[in-house]
Amino acid sequence: MKTQNLEFSIVIPTYNRPERLERCLSSIANLDYSQDSFEVVVVDDGSQQSLLPIVQQFEKKIAIRFIRQDNAGPASARNKGAAAAQGKYLVFTDDDCQVDSQWLTAIAQGFAHSPQALVGGYTINALPENAYSTASQLLIDYIYSYYNIQPEQATFFASNNFAMSRELYHEVGGFDTDFPLAAGEDREFCDRWRYHGYPMWYAPAAKIHHAHWLTMRSFWRQHFNYGRGAYHFHQIRGDRTETGIKVEPLTFYWQLLTFPFSQSTQHPPIVLGGSLFLSQVANALGFFREKFSDKSLTKVYS
């Protein structure tokens with residue numbers, strides 16, 4: 001592979017999900033983009049079974065490398081992949097995502113507008129029949145509509161679908177691996193990116209499909225962990241900017257709870273609104289649990 005022409009390095013952290021990783025890599029192999037222009041770096045974060053056979057299935061289709069590390073969480077795995085990457089730009093997605101065929105094309109267009117930007121794409125729920133997965137995606141959709149109204153003035157992207165200059169990634173310090181679990185490190189990265197004075201560009205045409213099956217229990221745990229991560233985010237942000245915790249106005253939460261009534265889904269809006277209310281209760285409890293706890297926490301995937 002001629003690294004001097006390598007435009008993108010797609011970094012995928014993975015952990016104990018061989019079937020999902022295979023579907024993710026299959027979608028990447030079907031990208032409508034020059035295969036000489038990108039590579040894939042898969043970082044196995046200490047899976048119980050080797051994922052190398054999955055990766056080897058794609059070696060004749062795309063430029064792909066496999067790295068294994070002891071379990072340390074997705075932030076560490078992303079940094080590991082970024083350190084090995086050779087492309088001009090780093091692109092991050094997760095093993096439970098499948099990318100649209102025009103994904104890299106849309107990301108490249110974002111960099112054409114703003115080469116120094118953190119470019120973020122749009123995520124589609126791949127499990128519309130699952131009410132909790134739908135509610136979780138509606139929450140992300142609402143947050144994107146709230147924080148990314150102007151594409152060139154975006155403020156938050158999830159780490160399963162964003163890209164940036166490899167040089168600037170290392171300049172700002174990569175992902176913070178001090179987070180006690182896989183929740184909040186993408187929010188902190190975006191905030192630190194903007195703190196360094198670099199722009200963020202929303203590119204909704206850069207689409208991925210996210211297949212994360214949730215039950216009431218896993219939905220609660222996910223948002224409880226988001227609350228725990230939010231506490232650490234505010235601690236880090238406060239130390240960096242010497243500011244207190246910023247609380248959104250009540251209208252933010254009212255509009256969130258009523259957001260499902262303006263969307264078309266397979267589920268009654270009242271059910272989805274109730275799930276979003278539950279997510280905010282879990283988030284608040286996770287936040288205050290972390291605030292009043294001094295215990296060491298195990299790194300887990302959401």
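This is a short selection-by-selection tour of a predicted model.

**Stop 1: the salt bridges between α7 and α8**

Start with charge pairs. Side chains of opposite charge can pair when their charged atoms come close. The structure holds 12 salt bridges.

Select Arg240 and Glu188. Their side chains meet in a salt bridge, 2.8 Å from N to O. Arg240 sits in helix α8 (residues 216-241) and Glu188 in helix α7, so this pair links distant parts of the chain, 52 residues apart. Are these two residues buried or exposed? Arg240 counts as buried, at 17% relative accessibility. Glu188 is buried too, with a relative accessible area of 1%.

Now add Arg237 and Asp191. They form a salt bridge, and their closest N and O atoms are 2.8 Å apart. Arg237 is in helix α8 and Asp191 in helix α7, so the pair ties together parts 46 residues apart in sequence. Asp191 counts as buried, at 11% relative accessibility. Arg237, at 25%, counts as partly exposed.

Add Arg192 to the selection. Glu188, Asp191, Arg192, Arg237 and Arg240 are linked in a network of salt bridges.

**Stop 2: a pair of sequence neighbours**

Select Arg289 and Glu290. They form a salt bridge, with the closest N and O atoms 3.3 Å apart. Glu290 counts as buried, at 5% relative accessibility. Arg289 counts as partly exposed, at 32%.

**Stop 3: helices α5 and α9**

Select residues 131-147, which are helix α5. Then add residues 250-258, helix α9. The two helices pack at an angle of about 135°, with their axes 10 Å apart. That makes α5 oblique to α9. The crossing is right-handed.

Stay on α9 and pick Tyr253, which lies in this helix. Tyr253 is partly exposed, with a relative accessible area of 31%. Which residues join Tyr253 in a nonpolar patch on the surface? Show Ile245, Val247 and Leu250. Together with Tyr253, they have about 430 Å² of accessible area.

**Stop 4: two loops**

Go to Asn16, in the loop between β1 (8-14) and α1 (18-29). Check its backbone: phi is positive, about 60°, although Asn16 is not a glycine. Asn16 is partly exposed, with a relative accessible area of 29%.

Finish at Asp176, in the loop between α6 (166-172) and α7 (185-195). Asp176 counts as buried, because its relative accessibility of 17% falls under the 20% cut-off. Draw a distance from its C-alpha to that of Phe111: the two atoms are separated by 24 Å. Along the chain, these residues are 65 residues apart.

Conventions:
Residues numbered from 1 in each chain as written. Predicted model: local features only at pLDDT ≥ 70, side-chain atom pairs only at ≥ 80, totals over all residues. Heavy atoms only, no water. Patch = residues over 30% accessible without salt bridge, like charges linked within 9 Å, V, L, I, M, F, W, Y side chains within 5 Å. Areas by Shrake-Rupley, 256 points an atom, 1.4 Å probe, with all protein chains shown as cover. Salt bridge = Lys/Arg side-chain N within 4 Å of Asp/Glu carboxyl O. Helix = DSSP H or I, 4+ residues; strand = E, 2+ residues; numbered from the N terminus. Buried < 20%, exposed > 50% of the residue type's maximum accessible area, 1.4 Å probe, protein only. Axes fitted to C-alpha atoms, helices over the stretch in contact; angles between N-to-C directions. Parallel < 35°, antiparallel > 145°, perpendicular 65-115°, else oblique. Left-handed = near helix turned anticlockwise from the far one by under 90°.
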